[in-house]
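Colleague: Can you put the model on screen? I have a few questions about it.

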Amino acid sequence: GEAVVPVANCDVKEYNSNPKEQLPFKEYVEYWREYIRNGYRSSRGCLYLKDWHLSRSGLIPNASTPGIAFPEQDVYTTPVYFSSDWLNEYWDAVAVDDFRFVYMGPKG
């Protein structure tokens, strides 16, 4: 729950995109539950967790292993249909970036 995640406000457009803010994952889940309880409405707008690099996220305050949010967990496995994961094979080799993202949020 302490991981910090990128959250987009889908009700606001800036330069043909949605502005993002960083929230603790726990806070985002609380928002999402409240959003559902309120009939899919919130004064904060429709927030969507978008482009979270879970497998390399280092955004945990005072993390023991910088650069990896969950070092003891294997949080990503390439689905069999995409087993030729050539893009991530390259980025894993140079240890700079990855293209493994988490997206989640309320309907709408």
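Colleague: Which residues touch the most other members of the largest nonpolar core?

Modeller: This is a predicted model. The largest nonpolar core has 13 residues, and Val5, Val7, Tyr28, Leu49 and Trp52 touch the most other members.

Colleague: Which elements each supply at least two residues of this core?

Modeller: Strand 1 (4-9), helix 1 (25-37) and strand 3 (47-52) each do.

Colleague: Take Leu49. What is in contact with it, leaving aside neighbours within four places in sequence?

Modeller: Leu49 is in contact with Val5, Pro6 and Val7, with Phe25 and Tyr28, and with Val102, Tyr103 and Met104.

Colleague: How do strand 1 and strand 3 run, parallel or antiparallel?

Modeller: Strands 1 and 3 run antiparallel and are joined by three bridges. In that pairing, Ala8 of the one strand stands opposite Tyr48 in strand 3.

Colleague: And how many bridges join strand 3 to strand 4?

Modeller: Two bridges join them, and strand 4 (residues 102-104) runs antiparallel to strand 3. Trp52, listed above among the core residues with the most contacts to other members, has Val102 as its bridge partner in strand 4.

Colleague: Changing topic. How many disulfides does the structure hold?

Modeller: Zero. Cys10 is in no disulfide, and the nearest cysteine sulfur, that of Cys46, is 4.7 Å away.

Colleague: Why is there no bond from Cys46 to Cys10?

Modeller: Because the sulfur of Cys46 is 4.7 Å from that of Cys10, its closest cysteine sulfur, which is too far for a bond. The cut-off for a disulfide is sulfur atoms within 2.5 Å.

Colleague: Is Cys46 buried or exposed?

Modeller: Cys46 is buried, with a relative accessible area of 5%. Cys10 is partly exposed, at a relative accessible area of 35%.

Colleague: Where is the place of Cys46?

Modeller: Cys46 is in the loop between helix 1 and strand 3.

Colleague: What is in contact with Cys46 there, again leaving aside neighbours within four places in sequence?

Modeller: Cys46 is in contact with Ala8, Asn9, Cys10 and Asp11, then Tyr31 and Tyr35, and also Pro106. So Cys10 counts as a contact of Cys46, although the 4.7 Å between their sulfur atoms is too far for a bond.

Colleague: How far is the C-alpha atom of Cys46 from that of Lys107?

Modeller: These C-alpha atoms are separated by 9.0 Å, while the two residues are 61 residues apart along the chain.

Technical notes: Residues are numbered from 1 along each chain as its sequence is written. This is a predicted model: local features need pLDDT of at least 70, side-chain atom pairs count only at pLDDT 80 or more; totals for chains, interfaces and linings use all residues. Side-chain values use heavy atoms; hydrogens and water are left out. A nonpolar core is a set of buried Ala, Val, Leu, Ile, Met, Phe, Trp, Tyr and Cys residues joined through side-chain atoms within 4.5 Å. Buried means under 20% relative accessible area, exposed over 50%, partly exposed in between (1.4 Å probe, protein chains only). Helices (H or I, at least four residues) and strands (E, at least two) are DSSP runs, numbered from the N terminus. Contact means heavy atoms within 4.5 Å. Two strands pair if DSSP finds at least two bridges between them.
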